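Q: I have a new structure to look at and no background on it. Can you walk me through some of the contacts and surroundings?
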Amino acid sequence: SNNVKLSNVKRVFKLLLPYWWMIFLIIGTTIVSVWSQLQLPSITGNIINNGVMKLDQNYVWSHGLQMMGIVAIGALTTVASGFLATRIGTGWSRDLRLAVFKKIENFSQNEINKFSTASLITRSTNDIQQIQQTSIMMLRMTLQAPIMAIYAIILAVQQAPTMSWIMWTGMITLILSVVALFILVIPRFAKIQRLTDNLNLISRENLTGLRIIRAFRNEGYEEKKFATANRNLTENTLWINRVLAAIFPLVMMIINFVALAITWFSARGVADGNIDIGTMVAFPQYAIQAIMAFLFIAMLIVFIPRAAVSIGRIGEILNTKISIDFNNSTAKAHNDQRGVVEFREVTFSYPDAETPVLTDISFVAKPGQTTAFIGSTGSGKSTIISLIPRFYDVTAGEILVDGQNIKNLDKNDLDDTIGYVPQKGMLFSGTVASNIKYGEN
């Protein structure tokens, strides 16, 4: 996808490296599982030809027990493969959520504004969930489907080379049909993510600004805005699901036509003496397994683009360069100047703003005195306060706290020095006591 940068993809997949040994185990169990599944049709055919037709009970019993052993091996390896895939998918998503959370905690207000809170919530939940589901599906099917397809085709051709054209016709028809449907669907996946961001943004605005909405009696306007965003997301989701819903009836129709054609031509072959009954039983199973394997491969094409969009969005967060770097800030405040805040010719512009919000601001706030900023709405009062704890960094000039430039102060020392009371109150989940003691955690 043009929207997915390779560096973002690498950053996300780097967190998958600790699970490499589980991936190798999945490869081994998948190969054994596929082998066990594809042994059954040929053994069934041999039992019919050499046991049932010849009334040889010993042959039937010995090969029947062999089938039971193979089924047991297949069941164990399938369960093991599914368990490992789930562990990798859930573990990877857990690590991604933790990495994203830690990264966002270090964001300045510039980065928060760049992504928006609603988008960060969507990326931390919906996008990571999409990556988890797709990774589990790919680990279970990406390896199994190609191996199954190749092995089933080889065995089918060995069983009845004269009827392999039926299988090839079914597979080509299936592939062309599914690819045509996917070409219609894939561009919609990125749009779905954007519409989800927009719906979350509107929902968050309505919940946080509920009192303002009621004060201005704008409930109807907000309901219409939410209904529009909700309708757009619903219509796009329904459109995708309707197209994808056509896949399964299409596949069943192709499989049924293939089974009918195989039955017809194999029956004629049995009547003419060119095909034995065992082959007539085994060949359709191999043909259908090969077709279903190609279906699984095609289904992955649906999920991969959507997961790629989610991987790109997560990688964008992890690769974001934080504008305010505290790593090089190690200085300590001067003990002889406790409680002194000084602005020296401070100028500040918000990112991409045409004009500065503050220009050449200079003052000294001394301990034991009250320093107040008076001005109209939008004059920059809150911006001045936000610069002191480094929610933003000044564009020009410098700010000193206790005699030290805040850009040089250790982050913990700066936070311990400042007591900040925001305009809007915030209660965290928990008890009243835990909120009162929040600063001591």
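A: One term to begin with: a residue counts as buried under 20% relative accessible area, as exposed over 50%, and as partly exposed in between. Also, this is a predicted model.

Q: OK, then is K225 buried, partly exposed or exposed?
A: K225 is partly exposed, because its relative accessibility is 27%, and values between 20% and 50% fall in that class.

Q: Which residue does K225 meet in a salt bridge?
A: The side chain of K225 pairs with that of E205, at 3.7 Å from N to O. E205 is partly exposed too, with a relative accessible area of 37%.

Q: Where do E205 and K225 sit in the chain?
A: E205 is in helix α7 and K225 is in helix α9, which covers residues 219–245. The two are 20 residues apart, and the pair links distant parts of the chain.

Q: How many salt bridges are there?
A: The count is nine.

Q: Why do such pairs form at all?
A: Side chains of opposite charge can pair when their charged atoms come close.

Q: Which residues are linked in a network of salt bridges?
A: D127, D197 and R313 are. R313 bridges to D127, with the closest N and O atoms 2.8 Å apart. R313 also forms a salt bridge with D197, where the closest N and O atoms are 3.0 Å apart.

Q: What does the pair of R313 and D127 tie together?
A: R313 lies in helix α11 (residues 277–318) and D127 in helix α5 (residues 117–141), so their salt bridge ties together parts that are 186 residues apart in sequence.

Q: And D197 with R313, how many residues apart are they?
A: They are 116 residues apart, with D197 in helix α7 (residues 164–208) and R313 in helix α11. This pair also links distant parts of the chain.

Q: Are those three buried or exposed?
A: R313 and D127 are both buried. For R313 the relative accessible area is 9%. D197 counts as buried because its relative accessibility is 13%, and the cut-off is under 20%.

Q: Changing topic: where is N218 found?
A: N218 is in the loop between α8 (210–215) and α9. N218 is partly exposed, with a relative accessible area of 34%.

Q: What distance separates N218 from I317?
A: Their C-alpha atoms are separated by 35 Å. Along the chain, N218 and I317 are 99 residues apart.

Terms used
Residues are numbered from 1 along each chain as its sequence is written. This is a predicted model: local features need pLDDT of at least 70, side-chain atom pairs count only at pLDDT 80 or more; totals for chains, interfaces and linings use all residues. Side-chain values use heavy atoms; hydrogens and water are left out. A salt bridge is a side-chain nitrogen of Lys or Arg within 4 Å of a carboxyl oxygen of Asp or Glu. Helices (H or I, at least four residues) and strands (E, at least two) are DSSP runs, numbered from the N terminus. Buried means under 20% relative accessible area, exposed over 50%, partly exposed in between (1.4 Å probe, protein chains only).
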